[in-house]
Amino acid sequence: MTPPHLPRLDAPPTLTVAASAVGLEVIGYAVLGVVELAAFDSKRPEVALSTGLAFVLLAGFLGFCAWRLWRLDAWARAPIVMTQLIQVPVAFNFWGDGWTKVVTIVLLLVSAVVLVGIFHPRSLAAFEGDE
């Protein structure tokens, strides 16, 4: 087991791709959170504050999990997988006419890349003996 202060650079490419895809989600959630916070309405401050803060906190937590996943910490898989499983039905709520179909497709593709990367046999083998 690698000491906590040294990075483990032996993550397979499948896991690196999954962690990178989560990184893209982190950027999206952070931007969405900042946009929500910027849309502050003095008549309904709780909407912008709660939603914006939730997205920013989610981005921070997922970013930490993606980093730990890349460092082959097995615990980081669960919150990332849970987020992807929640994101799939949320993506279908964007299905409609026009640009919202693009949002649905992008969210589904990113979730699929993350889930395939995490559950790929090479990724699972990288965690053997660590649990």
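Here is a walk through the structure above, from the whole chain down to single residues.

First, some ground rules: this is a predicted model, so local features are described where pLDDT is at least 70, side-chain atom pairs count at pLDDT 80 or more, and totals for chains, interfaces and linings use all residues. Residues are numbered from 1 along each chain as its sequence is written, and side-chain values use heavy atoms, with hydrogens and water left out.

Let's start with the overall layout. The chain has five helices and zero strands. If you read along the sequence, you meet the pattern α-α-α-α-α. Helices here are DSSP runs of H or I with at least four residues, strands are runs of E with at least two, and both are numbered from the N terminus. Along the principal axes, the C-alpha atoms fill a box of roughly 55 × 35 × 20 Å.

What about inside and outside? Of the 131 residues in the chain, 34% are buried. Buried means under 20% relative accessible area, exposed means over 50%, and partly exposed is in between, using a 1.4 Å probe and protein chains only. The accessible surface of the chain adds up to about 7900 Å², and 73% of that belongs to carbon and sulfur atoms. These areas come from the Shrake-Rupley method with a 1.4 Å probe, and for residues only the protein chains shown count as cover.

Charges are next. The chain has 8 positive and 10 negative charges, and their mean positions are 2 Å apart. Lys and Arg count as positive, Asp and Glu as negative, while His and the chain ends are not counted. Each charge is placed at NZ of Lys, CZ of Arg, CG of Asp or CD of Glu.

Now see how the chain comes back to itself. Take contacts between residues at least 6 apart in sequence: 64% of them join residues at least 24 apart. A contact means heavy atoms within 4.5 Å.

That brings us to the middle of things. The largest nonpolar core has 24 residues, and Val-22, Leu-69, Ile-80, Val-114 and Ile-118 touch the most other members. Helices α1 (13-38), α2, α3 and α4 (100-119) each supply at least two residues of this core, and α1 gives the most, with seven residues. A nonpolar core is a set of buried Ala, Val, Leu, Ile, Met, Phe, Trp, Tyr and Cys residues joined through side-chain atoms within 4.5 Å. Look at Ile-118 as an example: leaving out residues up to four places away in sequence, Ile-118 touches Leu-15, Ala-18, Leu-69, Arg-77, Ile-80, Val-81, Ser-123 and Leu-124.

Next, follow the chain out of α2. Arg-68 lies in that helix, and with 15% relative accessibility Arg-68 counts as buried. The side chains of Arg-68 and Asp-73 are joined by a polar contact of 2.4 Å. A polar contact is a pair of N or O atoms within 3.5 Å; within protein, one must be able to donate a hydrogen and the other to accept it, and residues adjacent in sequence count only if both atoms are side-chain atoms. Apart from neighbours within four places in sequence, Arg-68 is in contact with Asp-73, Trp-75 and Ala-76.

A little further on is the loop between α2 (45-70) and α3 (77-92), where you'll find Leu-72. Most residues other than glycine have a negative phi. Leu-72, though, has a positive phi, near 65°. Leu-72 is also buried, with a relative accessible area of 1%. Ala-74 sits in the loop between α2 and α3 too, and Ala-74 counts as buried at 16% relative accessibility. The C-alpha atoms of Ala-74 and Ala-126 are 9.4 Å apart, with their places 52 residues apart along the chain.

Finally, visit α1 and α4. Ile-27 lies in helix α1 and is exposed at 53% relative accessibility. Val-35 lies in α1 as well, but Val-35 counts as partly exposed at 48%. From C-alpha to C-alpha, Val-35 and Phe-55 are 9.9 Å apart, and they are 20 residues apart in sequence. In helix α4 you'll find Val-103, which is partly exposed at 22% relative accessibility.
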